[in-house]
Structures are given as C-alpha cells and as structure tokens.
Amino acid sequence: MSTAATSFPERNAAEVADLVLTPEAAAPDVLARRVRQRRQMYIGQAASYSLGASVLLLYAYGGAVSMAVPSLFWLGGLLIIGTFTVLSEAGFGDRFQDHYLTVFQISAHMALQLVFLLAVPTVGVAFLAVLFLIFAFGTLRMTSSQAMVTWGLATCGLGLVFLGSDLPIGLPVKTRLERTASMLCFVLVIGQCAFLGLFGATLRKILYRRSIELKAAYQRIEELAELDELTGSYNRRCIMRLLDAEIEKSRQTSTPCAIALIDLDWFKRINDAHGHPVGDEVLRTFAITMFANIRPADSFGRYGGEEFLLLLPDTSGDSPQRMLERLRSIVADLDWSAFSPGMHVTISAGVVTLRDVDTADTFLARADRALYSAKAQGRNRIATS
C-alpha cells in the first residue's frame, strides 16, 4: 500500500531552473511545465492507492477486515488527490515557492493512514509501513524546515495512536491469503521506496550534468562579454581592464611593458567603395592575422571602430617597434584582392613603452600621438613616442 508521488527524472530535472524564479516571475512555459509535473505526480498517487486498496481487498476476502475498508481507503485517497488536483489546475500552488504544497500533501496522506490505523488496527502495521513511503517521497522535495514540521506532525499523530490508545496494532498472518496480503504490503512499499531512491539518484546525476552544462554556459557568457562580436578580439572594456592590470603588474615586478595603437588605413574608403559587409570581412581577416602572429602573452583588443590596441608585456627597447613592423609587413602582403579586385589594406601604428610616471590615460595618449604621427607621415608605417 502506498501513496508515493512520482514523476520521470528527465522531465523533473527542469525544476532546477524554476528554483531561482519567484512565483510572480515564473514564465508561462514554466507554469505549464509545473502543471504537467503535478499531473504526473497525482497519477502516480492514484496508482499507489489502487495498489494499496488491492492489498486491503485481499485482507477483506480473508475476513481480516470489512469489505468496506478497501473502498473507503481508495475513495479517501482519491478525495485527497482530487482536492490537490483542483488546486493545481487552478494555479493555487504557483503562488508559493513550493508549488507542490508538499507539507500539506504529506500531512493529508499521513492523516489518512493514521485514521485507518485507528479504525482498522488489526492491519495497522500495513498503514504504518506506508508512512515510510510518504516521507521517502517528501525527502525529494522538502526543505529542512518542512521536514521538521512534518516530522513533528508525524510524532504527534503516532503519539496519539500508541500512547493515547491501547489498540492492538497488528498484521494478520494466520491464513495463506493473509500472509500473501502481508507480503504484498511490504513488497509494494519496499519496491516503491526503492524506486524513489533510484529516482533520487537519477535526479542527482541529471542535476550534476545540468550543473556542468550551466558552468560551461556561464563560462561562454563570460567569454562573450569580453569579446568583440565582429572580430573575436577583446572588446574595449576588457582590453582596458587588461591594460590596467598589465601596468600594475609591470610596476610590481619591475618588468617593461609596451603597447601599440593600430589603425587600418583609409578604412572609411573601403566601406564607402565596397560596402560594410566587405569592411566587416576586412576587420575579421585583420584580427585573425594578428592572432596568428602575436605571442601567447600578448593581448589584442578592439579599441574602437577600426582602431585596435595591442598589449606587449615584457617588451622594451626597439623590440616593440620591430614586432609591429613585422605585423605591418604581414598585413600589407596579404592578398586582399579576394574581397575585391585591386583592394590593398595597410595599417599604421603608434608604439610606446611604459614610463614610471604613466597612467593608463597618459600611456594611451602617447600611443595615440604616435599613431597620429604615423598617419601624418603617409600611413602604412610605425611611429614611436
């Protein structure tokens, strides 16, 4: 005999996302999924009561209980299930964090078992066994405070039965039929408890997998929040944060640091002559070329429009300018005619090395002046400041 509420783990795992939603914020699809889950649970409860009534029916055929007991037990269970089903369909439970109304369900089912325990004590052990199943179900959904409340109610109920009465609570095993019914009683309870344990283990595995997927999604979101959507390089906010960190690191470790502010020459003309889609492809190709030819320790980000910022840690002397000359030559030698016949793309850059008095703003200002100097000298060149 059992009153366990069950549903399929794969479908139920979707509740993980619901936990962070307040009832007011729950989306329509979330509410619809909750209703489906509760329906599955109530169907499982109805099946459990049907099995329990069948066992009582065997006792009734054996003469241990009245023939009315199985019917009343079944109808009592259906009355509880029907009441909560009506509340579910009306959306009453969705007003609360625990939309299953777990405490109320457990209390109602537990009260029914205690009523029949008092009314039919000759098979009372069978009803006591069901209490374990009810609480096994509750552990899947109850919070610690809910567990304390329901445990307190169970204690009061059992105290009333055992200490407030002298009823002979037993389990008939005189005849073969009674022994069969008693065996089925425990077999069904143990089987459904085992199923709930398996359900819980499966749910934990699903939740673990979901947590791994969620962590990967968060990591991807963080990456996207730092990257420029068009070029895949760091966006301005991220590259500026990295610049601050690099300046701080350079000061703490007394290591040199350089930056280069890079601009694609006459990029507006490329957009005007060939269209923005071609201009976007040029930016992407330039960024890919940079990634393929800078060091792993270097950081490359889009500073704005067609301007890019390259951080060159642990670089000093004329090394930064040589590195940028190499990059300038690589970009100029690319076959840009694949985008449009006769197209030629070059870059200009201002390269500066960190000074003791520099802040991030003055560091960038010096790089910007060097870039302006490179453009003033005819573009497709590297200048320093």
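The mean pLDDT of the protein is 87, and 92% of its residues reach 70 or more. Over residues 2-25, however, the pLDDT is below 50. This stretch still has 73 contacts in the model beyond near neighbours in sequence. The model is predicted. Two parts are covered below: an open sheet of 5 strands, and the contact of helix α3 with helix α5.

**Sheet layout**

- The 5 strands run in the order β2-β3-β1-β4-β5.
- The sheet is open, and its pairing is mixed.
- β2 and β5 (382-384) are the edge strands, each pairing on one side only.
- From one strand to the next, the twist averages 25 degrees.

**The β2-β3 hairpin**

- Strand β2 (residues 299-304) and strand β3 (residues 307-313) form a hairpin with 2 residues between them.
- The two strands pair in the antiparallel sense, over 5 bridges.
- One of the pairings can be placed by residue: the bridge partner of R302 is F308 in β3.
- In the turn, G305 has a positive phi of about 60 degrees.
- β2 is an edge strand, yet 5 of its 6 residues are buried.
- β2 is therefore largely enclosed by the rest of the structure.

**The β1-β4 pair**

- Strand β1 (residues 257-264) and strand β4 (residues 347-353) run antiparallel.
- They are joined by 7 bridges.
- L264 stands opposite I347 in β4.

**A helix across the sheet**

- Helix α12 (residues 319-333) lies across four strands: β1, β3, β4 and β5.
- Against β4, α12 runs at about 170 degrees.

**Helices α3 and α5**

- Two packed helices are described by the angle between their axes and the distance between the axes.
- The axes of helix α3 (residues 28-61) and helix α5 (residues 102-119) come within 14 Å.
- These axes cross at roughly 10 degrees.
- Angles under 35 degrees count as roughly parallel, so α3 is roughly parallel to α5.
- On the α3 side, the contact is made by M41, Y42, Q45 and Y49.
- On the α5 side, Q105, H109, L112 and Q113 make the contact.
- The residues of this contact of α3 with α5 divide into 4 nonpolar, 4 polar and no charged.

Technical notes
Residues numbered from 1 in each chain as written. Predicted model: local features only at pLDDT ≥ 70, side-chain atom pairs only at ≥ 80, totals over all residues. Heavy atoms only, no water. Buried < 20%, exposed > 50% of the residue type's maximum accessible area, 1.4 Å probe, protein only. Pairing = 2+ DSSP bridges. Axes fitted to C-alpha atoms, helices over the stretch in contact; angles between N-to-C directions. Parallel < 35°, antiparallel > 145°, perpendicular 65-115°, else oblique. Contact = heavy atoms within 4.5 Å. Nonpolar A, V, L, I, M, F, W, Y, C, P; charged D, E, K, R; others polar. pLDDT = per-residue confidence, 0-100.
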